[in-house]
Amino acid sequence: MTFDFAAARDIMVDSQVRPNDVPDLAIQQAMRAVAREAFCPPGKARLAYADAELDYAPGRVLLRPRHMAKLLQAVAPRPGERALAIAAPYAAAVLEEIGLVVVRLDGADLKTPPAGAFDVIICEGAVSEPPAAWLAALADGGRMGVIVRDGPVGKARLYLRAGAEVGWRTVFDATPPILPGFEAQVGFVF
C-alpha cells in the first residue's frame, strides 16, 4: 500500500495550519505544494505531516507545520523579496514556492550569515538569543522570525528593522529544541 503524501499535505493544512490563525492563502498554497517528506531522513517520511518537530539532521529539526506557518505569516513574505533560511530547509522551500529568492544557511557556522541584506530571515530551530550578525543582516524594513528559548517554553519573536533600529514582539509560544551552539552562556552571577 502506498502512502498518499499529497492528501497528507492537504490534511496538514486543513487541520494544523488554517485552524491555527494562518489565513494567508499564499502560505497555505505553498505548504500544499512543497513535499515536506523530502526533508525527512529515510524511514521518517510518513511522519512528515504529523503535528510534531522532526529531526532531519543531528541537532536540527523541522518545526511543527503550524509553528512554521505562523512564523512565516508573521514575517509576511512577498514574492521577489530576498530571504535567508537558517537551519530551515522546509521553510526555504515554502518561501521559494511563494516566490522569494532564498539563500540557505545550514552548515556548521550558522552564526555568520552571507553578505548582503535580507528582507526576510527565518530559522527553524530555537536560540537563546539571536546573534547580532543575524539582526545586522536585515534590510531596512526587513523581518526575522525565530524562536527564542531559555527554559522549558520558547517565544516566537518577530524582529523588525526600521533604519538603524531593530525591535521585536512575541507572536506565539513554541518548544523546539535549541540549535547546538545557541544555548545560553552560563556565567558567574552574585
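Is tyrosine 159 buried or exposed? Tyrosine 159 is buried, as its relative accessible area is just 4%; buried here means under 20% relative accessible area, exposed means over 50%, and partly exposed is in between (1.4 Å probe, protein chains only).

A note for every view: this is a predicted model, where local features need pLDDT of at least 70, side-chain atom pairs count only at pLDDT 80 or more, and totals for chains, interfaces and linings use all residues. Residues are numbered from 1 along each chain as its sequence is written, and side-chain values use heavy atoms, with hydrogens and water left out.

**View 1. Tryptophan 168 and its partners, tyrosine 159 and arginine 157.** Tyrosine 159 and tryptophan 168 make a tilted aromatic pair, 6.3 Å from centre to centre with 45° between the planes. For the pair, rings of Phe, Tyr and Trp (its six-membered ring) need centres within 6.5 Å; planes under 30 degrees apart are stacked, over 60 edge-to-face, and the rest tilted. Unlike buried tyrosine 159, tryptophan 168 is partly exposed at 46% relative accessible area. Arginine 157 joins in too: its charged end sits over the ring of tryptophan 168, 3.7 Å from the centre. That label asks for NZ of Lys or CZ of Arg within 6 Å of the ring centre and within 35 degrees of the ring normal.

**View 2. The open sheet of six strands.** Reading across, the order is S4-S3-S5-S6-S7-S8, and the pairing is mixed. S4 and S8 (165-174) are the edge strands, each pairing on one side only. On average, neighbouring strands are turned by 15° against each other, direction ignored. Two strands pair if DSSP finds at least two bridges between them; strands (E, at least two residues) and helices (H or I, at least four) are DSSP runs, numbered from the N terminus. Angles run from 0 to 180 degrees between N-to-C directions, with axes fitted to C-alpha atoms, for helices over the stretch in contact.

**View 3. S6 between S5 and S7.** S6 (138-148) is mostly covered, with nine of its eleven residues buried. It pairs with S5 in the parallel sense over six bridges, and valine 120 stands opposite arginine 143 in S6. With S7, the pairing of S6 is antiparallel, over six bridges, and valine 146 stands opposite arginine 157 in S7. Five residues lie between the strands of the S6 and S7 hairpin, where glycine 151 takes a positive phi near 150°. On to the next strand: S7 (residues 154-162) and S8 pair in the antiparallel sense over nine bridges, and arginine 157 stands opposite threonine 170 in S8.

**View 4. Helices H3 and H4 on the sheet.** H3 (residues 65-75) touches S5 (118-127), S6, S7 and S8, and its direction makes about 150° with that of S5. H4 touches S3 (82-86), S4 and S5, making about 170° with the direction of S4. H3 is mostly covered, with eight of its eleven residues buried; among them are His67, Met68, Leu71 and Leu72. Just after H3, alanine 76 takes a positive phi of about 50°.

**View 5. Methionine 31 in the largest nonpolar core.** This core has 61 residues, and Met31 and Ile122 have the most contacts inside it. A nonpolar core is a set of buried Ala, Val, Leu, Ile, Met, Phe, Trp, Tyr and Cys residues joined through side-chain atoms within 4.5 Å. Leaving aside neighbours within four places in sequence, methionine 31 is in contact (heavy atoms within 4.5 Å) with residues including Arg9, Val13, Pro65, Ala69 and Tyr90.

**View 6. Glutamate 37 in its loop.** Glutamate 37 has its place between H2 (25-33) and S1 (54-57), and is buried at 16% relative accessible area. Not counting residues up to four places away in sequence, glutamate 37 touches Phe5, Arg9, Ala45, Ala48 and Tyr49. Two of these names return in the aromatic cluster of Phe3, Phe5 and Tyr49.

**View 7. Glycine 99 in the loop between H4 (89-98) and S4 (101-105).** Glycine 99 counts as partly exposed, at 31% relative accessibility. Its contacts, leaving aside neighbours within four places in sequence, are Pro79 and Gly80. The C-alpha atoms of glycine 99 and glutamate 81 are separated by 7.8 Å, with the two residues 18 apart along the chain.
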